[in-house]
Amino acid sequence: MHWAKIQEAGSLAGMRFLLSVYRIFGRWPFRFFLFFVLLWFYARRRAAREASRDYLRRLRGFSNGATPLPTRLNVFRHFLAFSEIALDKLLAVGAVNPPEDYRLDGLEHIDSLLAQKRGAVLVTAHLGNTDLCRKLGEHYVDARITVLAHTKNAVRFNRLLKECNSEYDVDLIQVTDINIGTAILLAERVESGGLIVIAGDRVPVGDSAATVRVPFLGAEASFPISPYVLAAALQCPLLAIFGVRRLDGFVVILRPIAESVLLPRRARSAAVVPYAAAFAELLEAECLKAPFQWSNFYQFWALPEPANKESS
């Protein structure tokens, strides 16, 4: 099943209740109630359990036994981590209390770029709290951050985000709504030093998904070509960005992928492979450090072959 067809779990009223528990009592009482919610979710979502177990198994093999075993308990811990990430998203947009301390790792890769008012494409993943990427806007006050996302399968959660912060989606553009006008807007923002954030670990919505196969955790998996095509079209640098929770707080990680992305018209998919492989390698490294924070609960390695194979 395509990830975009997975139905959202939980009611809006339930989400509001858990948020109220956190507001009044704090994180540990929140976790107490969350435990029983997750028991129900664990019992009903077989596909998600199997996807989590498959991911943990592959990660365990890739790490030579250094990461958690793919047991039922660790699958449950994976679900728990995902739920806590949802709370962290609310914290990141100022929904409850001021966000916890965070630090920025790798600013040297973007400092000179933004000092020259040059923008960039930042490719991210469903690892940790992607809303932490917005913290760059606090550090670089002149850099406008635009997020390209597909949120139509998370309507209730995004409604809750908007209730907590009415301006949450000011710079959020649905990837399914991109047209020539949007492309012009993105080009203008990059030219003025803006940052475009796009996910690089989920295949596009639609039957003719534009993907390439690259190694990830010991086996080939499909990754979208859109981040690299976008960076090539906008003629700007490409970096990876992750926002994860560490023992000492949150960290926003920036890593360079390419100063410029060059894609010939012929055999474009083949030219994308090195860039997608570089991103997948960076994602592997972060999964090893935060094994429960990758939130793709579908059969990631069981996707169809790329639909846009080209002759070289």
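**Notes on a predicted model**

1. A good place to begin is Ala267, which counts as buried because its relative accessibility is 17%, and the cut-off for buried is under 20%. Keep in mind as you look that this is a predicted model. Ala267 sits in the loop that joins β9 to α10. Its phi is positive, near 55 degrees, although the residue is not a glycine.

2. Asn64 makes a nice companion to that residue. Its phi is also near 55 degrees, a positive value in a residue other than glycine. Asn64 belongs to the loop between α3 and α4 (72–92). With a relative accessible area of 73%, Asn64 is exposed, whereas Ala267 counts as buried. A further positive phi, near 60 degrees, is found at Lys117, which follows α5.

3. Now to helix α5 itself, residues 108–115, where Ile110, Leu113 and Leu114 are buried. These three lie on the same side of α5, because they cover an arc of only 90 degrees around the axis. That fits the general rule that an α-helix has 3.6 residues a turn, so residues three or four places apart point the same way. On the face turned away from the buried side you will find the exposed residues Glu108 and Ala115. What do the buried residues of α5 pack against? Their partners are the strands β2 (120–124), β5 (195–199) and β9 (249–258).

4. Strand β9 deserves a look at Pro256, which lies within it. Pro256 is partly exposed, since its relative accessibility is 46%. Beyond its neighbours within four places in sequence, Pro256 contacts His109, Leu238, Leu239 and Leu282. With Leu239, the C-alpha to C-alpha distance is 4.3 Å, while the two residues are 17 apart in sequence.

5. On to the nonpolar interior. The largest nonpolar core has 60 residues, and Phe216, Phe279 and Leu283 are the ones that touch the most other members. Helix α10 (residues 268–289) is the biggest contributor to this core, giving 7 residues. Apart from it lies another core, of 19 residues, which includes Leu113, Cys133, Val252 and Leu254. As a general background, nonpolar side chains in soluble globular proteins tend to be buried together.

6. Leu283 is worth selecting on its own. Setting aside neighbours within four places in sequence, its contacts are Ala125, Leu127, Asp201, Phe216, Phe223, Phe242 and Trp294.

7. How do α3 (residues 46–62) and α10 pack? Their axes are 11 Å apart and meet at an angle of about 95 degrees, which makes α3 roughly perpendicular to α10. From α3 come Tyr55, Leu59 and Phe62, and they meet Glu284, Cys287 and Leu288 of α10. The residues of this contact divide into 5 nonpolar, no polar and 1 charged.

8. Finally, please look at Leu217, in the loop between β6 (211–216) and β7 (219–224). Is Leu217 buried or exposed? It counts as buried, because its relative accessibility is 3%. Not counting residues up to four places away in sequence, Leu217 touches Tyr55, Arg58, Leu59, Phe62, Glu284 and Trp301. Several of these names are familiar from the previous point: Tyr55, Leu59 and Phe62 of α3, and Glu284 of α10, also take part in the contact of the two helices. Leu217 and Glu284 are 67 residues apart in sequence, yet their C-alpha atoms are 6.5 Å apart in space.

Note on methods: Residues are numbered from 1 along each chain as its sequence is written. This is a predicted model: local features need pLDDT of at least 70, side-chain atom pairs count only at pLDDT 80 or more; totals for chains, interfaces and linings use all residues. Side-chain values use heavy atoms; hydrogens and water are left out. Buried means under 20% relative accessible area, exposed over 50%, partly exposed in between (1.4 Å probe, protein chains only). Helices (H or I, at least four residues) and strands (E, at least two) are DSSP runs, numbered from the N terminus. The arc is that of the directions from the helix axis to the C-beta atoms. Contact means heavy atoms within 4.5 Å. A nonpolar core is a set of buried Ala, Val, Leu, Ile, Met, Phe, Trp, Tyr and Cys residues joined through side-chain atoms within 4.5 Å. Axes are lines fitted to C-alpha atoms, for helices over the stretch in contact, and angles run from 0 to 180 degrees between N-to-C directions. Angles under 35 degrees count as roughly parallel, over 145 as roughly antiparallel, 65 to 115 as roughly perpendicular and the rest as oblique. Ala, Val, Leu, Ile, Met, Phe, Trp, Tyr, Cys and Pro count as nonpolar, Asp, Glu, Lys and Arg as charged, and the others, Gly among them, as polar.
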